[in-house]
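Reader: I'd like to go through this model with you and ask how each label was earned. Could you show it to me before we start?

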Amino acid sequence: MKFKQEAPFAIQIEFVEGCNLYCDFCGLQGIRGAKDKTFKEMSHSTAINIAHQIMELGWNPRIEFAMHGEPTMHSEYAKMVRGFRKYLPNQQLMMTSNGGGLLRPPGVVDNLTELFDAGLNIFAFDAYEYVKIKEKVDAQLDAAKHLKFDVHRYPDEPEFSPHTRYGHKARMFIRIKDISIAEKGTHSVLNNHTGCGSKPLREPLVARCAKPFREMSIRWDGNVAICCNDWRGVFKVGNVLDGPHGIAGVWHSARLDSARRYLMKGDRASVFPCTVCDAKSHRVGLLPDKKGQTKMRDPDERDMAKVTEALAGNPYTEPVLRDYELKRKKK
């Protein structure tokens, strides 16, 4: 029986490429200069197209609005959420955010209420210590006499991990401790974002990676790279808006399947940018399916040809070279 990857556990949707912040640990530094505050917004029609495709496929992933930018910088972020809820009434919708856009009028509480009324279930707030957004968001929430959503702190309340499945009726604001100082929880581990956030590995890990098996990351324009950590989009899989097969065609594409075969063997050396990535996955024994029972053939020259094909040409996003990349280039 020919291998066919089961549907993704989670689909990440990039409302915006670009951010109001410029964190020193973030892969944004590999695609934006410090003074570049431009934003590339997903169109509402693209969002509806994606939501409709997921509905038609009958997939049941957790939907997360995040990736390579700040989702609340989108000019119509609540409208975007409402579009997904229209077509995916039973999916859990989550937004991961630094909260910057919540500070716009009419204010944090009203903006959050609008998001939850639009259908959002989880607002995962990255409470970065080095900016004042955290203080302003906390102050407005504390001053509110009545909230139409629950507020929790993670990992202080370990039972409220933002990545838990709470269902489509939840209305939860989860305040996450700054990842750069957190010592526990799922948000306490920084990785190098394939060399865009911090220095690339000199030697590739010999380890499986679960991301291309369990997660699909759709960029603002519909393009899909190998995973969310490929900030520049070097490994180009395809576009969910192209061709007759759309999202399913990209998820089951020969390029992505070839990468999976190498990663199933723990061979990151054969797949760039996995070669320089330090991200580690959990429960990799349960691959390629949820129970670890599906069999995949070993990679061969056909797969190397597909990997080479995916790496050909320019990345999806123009690189901004980091200092360590410039030094290496000069040598």
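Author: Here it is, and please keep in mind that the model is predicted. Let's begin with Val206, which lies in the loop between strand 8 (172-177) and helix 5 (211-214).

Reader: Why is Val206 called exposed?

Author: The relative accessible area of Val206 is 76%. Exposed means over 50%, so Val206 is exposed. As for its place in the fold, the C-alpha atoms of Val206 and Ala269 are separated by 8.0 Å, with the two positions 63 residues apart along the chain.

Reader: And what makes Asp221 partly exposed?

Author: Asp221 has a relative accessible area of 25%. Buried would need a value under 20% and exposed one over 50%, so Asp221 counts as partly exposed. Asp221 is found in the loop between strand 9 (215-218) and strand 10 (223-225). Beyond its neighbours within four places in sequence, Asp221 touches Asn239 and Leu241. Its C-alpha atom is 25 Å from that of Ala279, 58 residues apart along the chain.

Reader: How do you know that Ser97 is buried?

Author: Ser97 comes out at 1% relative accessible area, and the limit for buried is under 20%, so the label of buried follows. Ser97 belongs to strand 5 (residues 93-97).

Reader: What makes the pairing of the Ser97 and Glu70 side chains a polar contact?

Author: The two side chains come to 2.6 Å, and the distance limit for such N or O pairs is within 3.5 Å. Apart from neighbours within four places in sequence, the contacts of Ser97 include Pro71, Thr72, Phe123 and Asp126 as well as Glu70.

Reader: How many disulfides are there?

Author: Zero. Cys196 is in no disulfide, and the nearest cysteine sulfur, that of Cys26, is 9.4 Å away. At 2% relative accessibility, Cys196 is buried.

Reader: Why is Cys277 not bonded to Cys227?

Author: Their sulfurs are 6.2 Å apart, and Cys227 holds the closest cysteine sulfur to that of Cys277. A disulfide needs the sulfur atoms within 2.5 Å, so this distance is too far for a bond. Cys277 is buried too, with a relative accessible area of 7%.

Reader: Which residues have the most contacts inside the largest nonpolar core?

Author: They are Ile13, Phe15, Phe65, Phe84, Phe123 and Met216, in a core of 74 residues. Helix 3 (residues 108-118) gives the most to this core, with six residues. A second, separate core has nine residues, among them Met94, Ala124, Tyr154 and Ala170. Such groupings fit a general pattern: in soluble globular proteins, nonpolar side chains tend to be buried together.

Reader: What does Met216 touch?

Author: Leaving aside neighbours within four places in sequence, its contacts include Pro8, Trp59, Val224, Ile247 and Trp251.

Reader: Why is the aromatic pair of Phe116 and Phe149 called tilted?

Author: The planes are 35° apart; under 30 degrees would be stacked and over 60 edge-to-face, so the pair is tilted. The centres are 5.0 Å apart, and a pair needs them within 6.5 Å. Phe116 is in helix 3 and Phe149 in the loop between helix 4 (133-143) and strand 7 (150-154), 33 residues apart. Both residues are buried. The count comes to seven aromatic pairs, and Phe15, Phe65 and Phe84 form one aromatic cluster.

Reader: How do you know that the charged end of Arg165 sits over the ring of Phe9?

Author: It lies 4.4 Å from the ring centre, and the distance limit is within 6 Å. The charged end of Arg260 likewise sits over the ring of Trp251, 4.4 Å from its centre.

Key
Residues numbered from 1 in each chain as written. Predicted model: local features only at pLDDT ≥ 70, side-chain atom pairs only at ≥ 80, totals over all residues. Heavy atoms only, no water. Buried < 20%, exposed > 50% of the residue type's maximum accessible area, 1.4 Å probe, protein only. Helix = DSSP H or I, 4+ residues; strand = E, 2+ residues; numbered from the N terminus. Contact = heavy atoms within 4.5 Å. Polar contact = N/O pair within 3.5 Å; in protein donor to acceptor, adjacent residues only side chain to side chain. Core = buried A, V, L, I, M, F, W, Y, C linked by side-chain atoms within 4.5 Å. Phe/Tyr/Trp six-rings, centres within 6.5 Å; stacked < 30°, edge-to-face > 60°. Lys NZ or Arg CZ within 6 Å of the ring centre and 35° of its normal.
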